[in-house]
Amino acid sequence: MSELIAKPEVHQAKWSGFYKKTLHERQTQLKLVFPRVFTSSEPSSSVVSSVYVTPNTSPSNNDKKSFPINGLDENIADNMIENCVGTIGLPVGLALNFIINGKPIIIPMAIEEPSVIAGVSGAAKTVSAYNGFKATAPVTNIIVAQVCLLDISQENMNSAIDKISRSKSEIIKRANNYCDNMVKRGGGVLDINVRRIPRKANRNRKHFTLSSANFREWLVVHITIDVCNAMGANCASTVAEGVAPFLAELSGGRIGLRIVSNLNVERMSKASFRIPLPMLAYKSLSGKEVAARIIEAYEWAEVDPYRATTHNKGIMNGIDAVAIATGQDWRAIEAAVHAWACDGVRIDLDNSHNSRSDNSYRPLTTYWIEKDEQLAATGKSDDECLMFCGELELPIMVGTVGGVLKTNKVYEYNLGIMGNPNSRDLAMSMACIGLAQNFAALRALATEGIQRGHMSLHAKNVAIAAGCPPHAVTSVAQRMIEKGKITLSSANDLVEAHMSEQVQCVYM
Ligand code: MEV
């Protein structure tokens, strides 16, 4: 952890010019900056379970390459999923310039899309030049398991709920038997709540009703579990399945689905920043003009789901990339985030109601301008006291213990680079990445547009698609940028010219 806590200025100087280095220079720097993470070819805490490995079927990736951030061994992959035929690689890059709650941090991202890492690093540079990002997340890592109880008639509903409520401590005791590991670590089942959810009438006359549709409500039991630093989905589903027979016995109902809920409003993470308006100045545009344009862009997303979806996609560019780099279930994060983006998804467990007010799809970030009262008190003009503020709040369920984390050493290296965060710190970093990405995208879109920068970065991908050999990718991309024509046909011409130059060299 001490590797992380350097003075922000010293930390940033260490990384300046990183993007101009070659891949191998960057890898060397990484080893130098994080000696304890890259002590040898193994991550310090690596205990990759031998049960995953089928011996001697093919040389592992580690035998072929020396730098340890190099993907998943196919022998391990073969034991992870069904019908495995190989593995797929993704570039891993570093998001730089982040200062979160006063501490500098380097954040690894796995993503195939160019300009996302440049975007977040650029946004973080602006924000960190002032006070950096502030982030919060709950201290207790809660997950909710659901057990659906069926076939309870209206007249028996109240007594079923009453019996469950009166047996709370016995249910918790029994449920804890199914997560004794969590209990040992100081977590375990904390609470039981019952929800009554009205069933929808079957409006489609073509469908036959096979289920007990004459019962008017779903009775759903929520089991709240503290899963310590785990993501907790498996634990939740095990507890739900384990305790369901007792819940059925108490309620007189039939056991329905028993599974984790991926919508978890008890795992909300928040990131925010606040910078003086002049820091947004871009080319001929003043900071005030850029701020107004960004807020306009946000206000458009607030009322137009077509735009809000793209706005939120950008946020997930950042969050998913960190999730993938650190071995998280990014589908779970995506599902929760988009449910949260539907304004009105506010599950009120105490009222036992799903109180949806409406279903508009909203942008996840908020931007506004406020006056800094302390600056105002020093006699500065109104304009000098205006602050541009951004905030992102969303549910992020992640874990830094358990799950697939031991299956791929790259996760351990990446978490090591982040200072081995606990799940709360990881969630906060992901919220900051999401906010930085959205701020970067809106700032670019609201000023010069993103295509010039994006296409320049994309030029290398176009060169690769045209069959350009690796050593010539940079020069072919550069020539396309100079010509202002970043297309496959232009890349094809340049690659062909490059090849014939090479052939001439060989024969001369
Ligand atoms: C591209 O992957 C993401 C953006 O479209 C996000 C946005 O429009 O806000 C640039």
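This passage describes the overall make-up of a predicted model and the aromatic rings within it.

The chain contains 18 helices and twelve strands. Of its 508 residues, 48% count as buried, and the accessible surface of the chain comes to about 25,900 Å², of which carbon and sulfur atoms contribute 54%. Among the contacts in the chain with a separation of 6 or more, 73% are accounted for by residues 24 or more positions apart.

A search of the whole structure for paired aromatic rings finds eleven such pairs. One of them is formed by Phe-133 and Phe-273, whose rings are arranged edge-to-face, with 6.0 Å from centre to centre and 80 degrees between the planes. This pair links distant parts of the chain, since Phe-133 lies in the loop between helix 5 (116-128) and strand 3 (134-136), whereas Phe-273 belongs to strand 8 (residues 268-276), and the two positions are 140 residues apart. Because its relative accessibility is 0%, Phe-133 counts as buried. Phe-273, with a relative accessible area of 4%, is therefore buried as well, the cut-off for this class being under 20%.

A further pair of the edge-to-face kind is formed by Tyr-298 and Tyr-367, for which the centres are 6.0 Å apart and the angle between the planes is 75 degrees. Here too the pair links distant parts of the chain: Tyr-298 is in helix 10 (residues 287-303) and Tyr-367 is in strand 11 (residues 365-371), so that a helix and a strand are joined by residues 69 positions apart. Tyr-298 is classed as buried because its relative accessible area is 8%, and Tyr-367 is likewise buried because the corresponding value is 3%.

These four residues are also part of a wider arrangement, in which ring pairs link Phe-98, Phe-133, Phe-273, Tyr-298, Tyr-367, Phe-388 and Phe-439 into a cluster. One member of this cluster, Phe-439, in addition has a charged group over its ring, as the charged end of Arg-443 sits there at 4.9 Å from the ring centre. A second arrangement of this type involves Arg-26, the charged end of which sits over the ring of Phe-18, at 6.0 Å from the centre of that ring.

Technical notes. Residues are numbered from 1 along each chain as its sequence is written. This is a predicted model: local features need pLDDT of at least 70, side-chain atom pairs count only at pLDDT 80 or more; totals for chains, interfaces and linings use all residues. Side-chain values use heavy atoms; hydrogens and water are left out. Rings of Phe, Tyr and Trp (its six-membered ring) pair if their centres lie within 6.5 Å; planes under 30 degrees apart count as stacked, over 60 as edge-to-face and the rest as tilted. Helices (H or I, at least four residues) and strands (E, at least two) are DSSP runs, numbered from the N terminus. Buried means under 20% relative accessible area, exposed over 50%, partly exposed in between (1.4 Å probe, protein chains only). A charge sits over a ring if NZ of Lys or CZ of Arg is within 6 Å of the ring centre and within 35 degrees of the ring normal. Contact means heavy atoms within 4.5 Å. Accessible areas come from the Shrake-Rupley method with a 1.4 Å probe; for residues, only the protein chains shown count as cover.
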